[in-house]
Amino acid sequence: MPAPGPLLGLAAALGLAVGGWFFRSNVRLHGFLRKLLETIRSFSQGDLTARIAVPRGREFDAFAQSFNRLADRLAGTIQTLQAGRNQIEAILESMGEGVLVFEPEGRLLLLNGAARRILAIPRPVVPGASVGEVLRDPDLQATIRRTLQGGAGQELELELYGAAPRVLRVRALPCEVSGIGRCALLVFHDITDLKNLEQVRRDFVANVSHEFKTPLTAIRGAVEALLDGAMRDPKAAADFIKGIDEESQRLSRLVEDLLALARLESKPEGLEREPIDLEPFLREQLNRFERSAAEHGVTLRLESVGEPLILLADRRGLTQAVGNLLDNGIKYNRTGGQVIVRAFSAGTGIRIEVSDTGIGMPAADLPRIFERFYRVDKARSRRSGDTGLGLSIVKHMVESHGGSVQVESRLDAGSRFTLVFP
Ligand SMILES: Nc1ncnc2c1ncn2[C@@H]1O[C@H](COP(=O)(O)OP(=O)(O)O)[C@@H](O)[C@H]1O
Ligand SMILES: [Mg+2]
């Protein structure tokens, strides 16, 4: 029988060794689980680079490697998804059109910056808000409901009232979003400028028709009177024919001015720029109006330009612009009045100034005189047979050269128009 002492000692040593191994294993397992937990926590909190670090060949190495590979794949997928989402968000944000998407329950799923701006959706309204919280308009709310309930796409126009009224074109389309179901996609296009332009065009056509109708009616009246017998009375016939002559001249002036405007509007292709020596050019313009000035008892004066001033401009356009200013300066003047033309360099540019000692204009009219067909004194200008297009031709001409036109005027004292070329 061996002595129990050594056996016991052996058993105790073995027990201690096994116990120690278990203990150490347990500690390592515990350590590994803690690392695993920390890594999962970091990963789920958005740190896609979080991995378990276990030295190769150690216990749990295979497990850690599998986990890290899984994490790699997951991180790759998440990054791809995020990149896609960022791209879509960037596209949506850079769009000029407002975009809103509502999910099947009628809650806001997505909106872009343009939608917020166009519809003035306040900041507190975020995805999750109900249709009623996002959009006030009942027609629009009904459209969204119909679209969500299976209706086909629709288009409608919406007028927003307020400090700056706007007109919107809205397209409502059904869309399928995976995992969510049938949604309603709304695209808002601000067409206020387009509508205003349409109105300007309609007004223009109406004005042109009216301007044509007046002389045509006069011509037809005169012709009828001649046919009805006035022809046989030489004195009356001469008067009617003179009237026809004046009205037809007015018509051709109107056509010429309209063509000039059309030519300047089709810039810059319609322009032929060339160097123009302003001193001889302006002298020539004054000569053209010498007779008209004499008829109105007005004197024309060109202030010496001094050094040669060369302007790169479309000769036809400049001739029309300066001519229209001279014509106005003479016509809206008084016997004994003056029209003075100056040209000078200012900074890197050139200015041409036409001032007169004429009747001037009330300050209230100044902002509108460059509009087509706008006249300060409606009756007077119609009588004198002017077209009301002169100043809008001037404005278009300078602007098509990158410049601008300025006006200063005092009633009963005179006016000064300045063409500013850059
Ligand atoms: N130099 C000026 N002095 C006073 N009024 C002017 C002058 N130039 C223009 N206006 C006013 O501006 C209006 C618009 O001018 P314009 O476009 O040339 O049209 P039009 O001369 O054919 O009437 C004129 O009807 C006139 O009332
Ligand atoms: Mg005029």
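How many residue pairs are in polar contact between domain 1 and domain 2? In this predicted model, the count comes to five residue pairs, with both partners at pLDDT 80 or more. Salt bridges are another matter: between domain 1 and domain 2 there are zero.

To set the scene, the domain assignment splits the protein into domain 1 (27-94), domain 2 (95-190), domain 3 (193-265) and domain 4 (271-422). Taken over C-alpha atoms, the centres of domain 1 and domain 2 sit 38 Å apart. Four residues from domain 1 and seven residues from domain 2 take part in the contact. Putting these two domains together buries about 420 Å², and carbon and sulfur atoms account for 53% of that area. On the domain 1 side, Leu92, Glu93 and Ser94 do the bulk of the work, supplying 91% of the area that domain 1 buries against domain 2, more than any other three residues.

Next, the nonpolar interior. In soluble globular proteins, nonpolar side chains tend to be buried together. Here the largest nonpolar core has 49 residues, and the members that touch the most others are Leu278, Leu282, Leu318, Ile352 and Leu419. Helix α10 (residues 315-331) is the top contributor to this core, giving six residues. Both domain 3 (193-265) and domain 4 (271-422) put residues into the core, so it lies between them. Leu318 gives a good view of the packing: setting aside neighbours within four places in sequence, Leu318 is in contact with Ile276, Leu278, Phe281, Leu311, Ile352, Met397 and Phe421. Apart from this core lies another one, made of 24 residues, with Leu100, Ile118, Leu119 and Val125 among them.

On to charged pairs. Across the model, the count is 25 salt bridges. One of them joins Glu155 to Arg171, with the closest N and O atoms 3.1 Å apart. Glu155 belongs to strand β3 (residues 154-160) and Arg171 to strand β4, so this pair ties together parts that are 16 residues apart in sequence. Glu155 is partly exposed at 47% relative accessibility, and Arg171 is partly exposed too, at 40%.

Strands β3 and β4 are also linked by Arg169 and Glu157, with Arg169 in β4 and Glu157 in β3, 12 residues apart. The closest N and O atoms in this salt bridge are 3.6 Å apart. Arg169 has a relative accessible area of 31%, which means it counts as partly exposed, and Glu157 falls into that class at 43%. These pairs don't stand alone: Glu155, Glu157, Arg169, Arg171 and Lys195 are linked in a network of salt bridges.

Buried or exposed: where do Asp314 and Arg263 fall? Asp314 is buried, with a relative accessible area of just 2%, and Arg263 is buried as well, at 14%, the cut-off for buried being under 20%. Asp314 and Arg263 form a salt bridge whose closest N and O atoms are 2.8 Å apart. Asp314 lies in strand β8 (residues 310-314) and Arg263 in helix α7 (residues 234-265), so the bridge ties together parts that are 51 residues apart in sequence.

Finally, a couple of serines. Ser178 sits in the loop between β4 (166-177) and β5 (181-190). With 72% relative accessibility, Ser178 counts as exposed, because the exposed class begins over 50%. Ser178 and Arg145 are 33 residues apart along the chain, and their C-alpha atoms are separated by 20 Å. Ser392, by contrast, is buried, with a relative accessible area of 2%. Ser392 is part of helix α12 (residues 390-400). Leaving out neighbours within four places in sequence, Ser392 is in contact with Leu261, Phe370, Glu371 and Arg372.

Methods. Residues are numbered from 1 along each chain as its sequence is written. Chains are lettered from A and ligands numbered from 1 in the order in which they are written. This is a predicted model: local features need pLDDT of at least 70, side-chain atom pairs count only at pLDDT 80 or more; totals for chains, interfaces and linings use all residues. Side-chain values use heavy atoms; hydrogens and water are left out. A nonpolar core is a set of buried Ala, Val, Leu, Ile, Met, Phe, Trp, Tyr and Cys residues joined through side-chain atoms within 4.5 Å. Buried means under 20% relative accessible area, exposed over 50%, partly exposed in between (1.4 Å probe, protein chains only). Helices (H or I, at least four residues) and strands (E, at least two) are DSSP runs, numbered from the N terminus. Domain bounds come from an automatic or database domain assignment. Contact means heavy atoms within 4.5 Å. Buried area is the accessible area (1.4 Å probe) that two parts lose on being put together, summed over both. A salt bridge is a side-chain nitrogen of Lys or Arg within 4 Å of a carboxyl oxygen of Asp or Glu. A polar contact is a pair of N or O atoms within 3.5 Å; within protein, one must be able to donate a hydrogen and the other to accept it, and residues adjacent in sequence count only if both atoms are side-chain atoms.
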